[in-house]
Amino acid sequence: MGRQRMQFVMLLVLALVALTLGANPVQAGPGGGTYYANSPAGGTSGVPLRKFVDSLPGLGPTGANNLGQYIPIANKMTNPVANDNADYYEIGLVDYTERMHSDLPKATKLRGYIDLSPAAGGAPAHYLGPLIIATKNKPVRVKFTNYLPAGTAGDLFIPVDNTYMGAGLGPIDNTTLYTQNRATLHLHGGNTPWISDGTPHQWITPAAETSIYKTGVTQHNVPDMPNPGAGSSTFYWTNQQ
């Protein structure tokens with residue numbers, strides 16, 4: 001009796017699975033809905049995303065895939081520090097949109113980096129770019145500028161848990177929240193001086209930000225580089241790892 005009951009339960013589960021897989025998923029309209037990239041059936045909203053239908057983006061415009069995505073290569077600029085052999089780049093942070101999959105009917109809003117060099121010619125931001133090609137034991141200097149909107153216009157476009165340390169109320173009063181347009185750079189795994197490590201306390205806000213919290217408590221610019229001004233910061237990476 002026990003074995004027959006187990007077989008019946010297994011058949012019932014299989015039948016429920018078959019009914020679930022056979023149901024037509026609700027298609028989200030162009031104005032909303034969530035697209036579940038990890039759900040083969042599309043979930044209860046959104047659309048199914050097929051695997052391996054888009055090629056990987058390559059380096060530079062000639063490496064663009066079928067969606068027009070490519071990874072920009074950052075262009076070196078003139079090093080502002082005299083008698084220094086480091087490579088120098090200027091990188092900005094912006095909001096932008098890019099189509100991430102052939103089955104998505106609209107572009108995805110993203111937050112990422114752009115090359116600010118004249119050689120880039122104002123090229124649009126692309127996911128994962130720009131790429132800095134470095135040489136072992138040759139330092140890299142970066143001027144980073146936060147071009148995100150100021151105030152609530154610079155809020156993240158995904159839910160934010162304001163109860164998490166560093167994402168809610170600041171230490172000055174009990175009413176002012178940290179803004180959501182704060183940012184920094186971090187070279188993961190690098191042998192980096194602490195002032196250029198890009199820790200959670202080394203962020204900057206855009207130059208137009210009016211919040212009382214404009215920089216992280218341990219934010220420091222590289223002392224031998226020119227003062228980058230409000231909304232910007234400087235970094236020095238040794239590339240000695």
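Two residues are said to be in contact when heavy atoms of each lie within 4.5 Å of one another. With that idea in hand, the interior of this predicted model can be explored, beginning with a single residue. Valine 142 touches Tyr89, Ile91, Ile132, Leu185, Met225, Ser233, Thr234, Phe235 and Trp237, leaving aside residues up to four places away in sequence.

Several of these names come back when the nonpolar interior is considered. The largest nonpolar core has 13 residues. Those with the most contacts inside this core are Val142, Phe144, Leu185, Phe235 and Trp237. Strand 1, strand 3 and strand 4 (232-237) each supply at least two residues of the core. A second core, separate from the one just described, has 5 residues, and Val94, Tyr96, Ile114 and Ala125 are among them.

Attention can now turn from packed side chains to empty space. Rolling a probe the size of a water molecule over the atoms reveals where such space is left. The largest pocket has a volume of about 1100 Å³. Its lining is made up of 42 residues, and those closest to the centre of the pocket are Tyr113, Ala183, Thr184, Leu185 and Gly198. Leu185 thus appears both in this list and among the core residues with the most contacts. At least two lining residues come from each of strand 1 (87-98), strand 2 (108-115) and strand 3 (140-146). By residue type, the lining of the largest pocket divides into 25 nonpolar, 14 polar and 3 charged residues.

The second largest pocket has a volume of about 370 Å³. It is lined by 19 residues, of which Asp54, Leu56, Gln69, Met100 and His101 are the closest to its centre. Here the lining consists of 11 nonpolar, 4 polar and 4 charged residues.

Charged side chains also pair up with each other, and the structure holds 6 salt bridges. One of them joins lysine 76 to aspartate 87, with the closest N and O atoms 3.6 Å apart. Lysine 76 sits in the loop between helix 1 (2-22) and strand 1, while aspartate 87 belongs to strand 1, so that distant parts of the chain, 11 residues apart, are linked. The surroundings of the two partners can be described by their accessibility. Lysine 76 counts as exposed because its relative accessibility is 53%, and the cut-off for that class is over 50%. Aspartate 87, by contrast, counts as buried because its value is 7%, where buried means under 20%.

Aspartate 87 has another partner, since its side chain also meets that of lysine 138 in a salt bridge (3.9 Å, N to O). Lysine 138 lies in the loop between strand 2 and strand 3, and aspartate 87 in strand 1, so this pair ties together parts that are 51 residues apart in sequence. With a relative accessibility of 24%, lysine 138 counts as partly exposed. Taken together, Lys76, Asp87 and Lys138 are linked in a network of salt bridges.

A further salt bridge is found between aspartate 224 and arginine 141, where the closest N and O atoms are 2.9 Å apart. Because aspartate 224 lies in the loop between strand 3 and strand 4 and arginine 141 in strand 3, the pair ties together parts that are 83 residues apart in sequence. Aspartate 224 counts as partly exposed, at 43% relative accessibility, whereas arginine 141 is buried, with a relative accessible area of 3%.

Definitions and conventions. Residues numbered from 1 in each chain as written. Predicted model: local features only at pLDDT ≥ 70, side-chain atom pairs only at ≥ 80, totals over all residues. Heavy atoms only, no water. 1 Å grid on protein atoms, 1.4 Å probe; cavity = no way out; pocket = protein on both sides within 12 Å on 5 of 7 lines; lining within 4 Å. Points joined across faces, edges and corners; volume = space filled by probe spheres on them. Helix = DSSP H or I, 4+ residues; strand = E, 2+ residues; numbered from the N terminus. Nonpolar A, V, L, I, M, F, W, Y, C, P; charged D, E, K, R; others polar. Core = buried A, V, L, I, M, F, W, Y, C linked by side-chain atoms within 4.5 Å. Buried < 20%, exposed > 50% of the residue type's maximum accessible area, 1.4 Å probe, protein only. Salt bridge = Lys/Arg side-chain N within 4 Å of Asp/Glu carboxyl O.
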